[in-house]
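Reader: I've got a model open and would like to talk through some packing and charge details. Shall we take a look together?

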Amino acid sequence: MVSPVTVVKSEGPKLVPFFKATCVYFVLWLPTSSPSWFSALIKCLPIFCLWVFLLAHGINFLVSHRSASRILAGLIFSAVGDAFLIWQEQGYFIHGLLMFAITHILYSSAFGMKTLDLKAGLLMGLVSSSCYAFLYSYLSGPFTYLVAVYIALIGFMGWRAVAGMQLCNDLWTWTKLSACIGAMLFMVSDLTIALNKFCFPVPYSRFIIMATYYAAQMLIALSAVESRDEEDFRKRS
């Protein structure tokens with residue numbers, strides 16, 4: 001297994017633009033009440049940096065490792081979704097929801113179905129069902145079924161990330177752990193969005209949503225680096 005120290009030395013410098021862009025977002029903290037293309041750019045900038053992070057490993061790497069290319073595609077749809085959500089009060093929330101639904105499908109595909117782990121699937125299904133059951137009474141109109149489909153998709157993505165880690169079998173790697181933590185943080189971010197939008201105001205909701213979201217995307221992007229192939233990583237480092 002590649003050591004975390006080796007990973008930090010090799011991949012850390014490539015993530016510096018992402019950390020800088022994330023700091024810019026939190027320092028500027030542009031008001032959501034005045035959506036603009038500039039605020040959309042600032043919000044999407046950290047995700048753009050993750051595109052560059054994956055592209056920095058080379059086109060050949062992305063072409064030869066399908067999981068990495070699918071994660072890149074997911075990041076592209078995420079950026080489009082982020083832009084739509086800037087104008088969610090103007091009627092673009094569903095558009096953003098659709099973009100992130102596609103993102104979760106792509107991430108699920110990247111994590112794969114190789115390790116089934118029905119126990120993890122059952123647990124994730126229970127968590128997802130409980131979340132929807134809580135939200136149900138607050139939902140109306142198309143959101144009644146749109147939120148149900150979205151929760152099913154993100155729950156499935158979480159299951160594939162957890163199952164792929166294979167912690168019980170001692171077959172985990174740092175990349176699989178990174179994907180798992182990233183998926184869990186993504187779920188926390190989206191649950192906070194749902195609670196804040198449909199149920200009740202969540203204190204510091206924007207900070208919680210964006211901090212967990214950026215961390216989740218970084219960890220999922222980082223999980224693509226090895227693409228479950230340690231030999232390739234050693235050659236690059």
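Reader: Is Glu11 buried or exposed?

Author: Quick ground rules: this is a predicted model, where local features need pLDDT of at least 70, side-chain atom pairs count only at pLDDT 80 or more, and totals for chains, interfaces and linings use all residues. Residues are numbered from 1 along each chain as its sequence is written, and side-chain values use heavy atoms, with hydrogens and water left out. Buried means under 20% relative accessible area, exposed over 50%, and partly exposed in between (1.4 Å probe, protein chains only). Glu11 has 2% relative accessibility, so Glu11 is buried.

Reader: Which side chain does Glu11 meet in a salt bridge?

Author: A search of the whole structure turns up one salt bridge (a side-chain nitrogen of Lys or Arg within 4 Å of a carboxyl oxygen of Asp or Glu). The partner of Glu11 sits three residues away in helix 1 (residues 4-28), so about one helical turn separates the two. At 3.8 Å, N to O, the side chain that Glu11 meets is Lys14.

Reader: How does helix 6 run relative to helix 8: roughly parallel or roughly antiparallel?

Author: Helix 6 (residues 118-136) and helix 8 (residues 174-199) pack with their axes 11 Å apart, at an angle of about 15°. Angles under 35 degrees count as roughly parallel, over 145 as roughly antiparallel, 65 to 115 as roughly perpendicular and the rest as oblique. So helix 6 and helix 8 are roughly parallel.

Notes:
Axes are lines fitted to C-alpha atoms, for helices over the stretch in contact, and angles run from 0 to 180 degrees between N-to-C directions. Helices (H or I, at least four residues) and strands (E, at least two) are DSSP runs, numbered from the N terminus.
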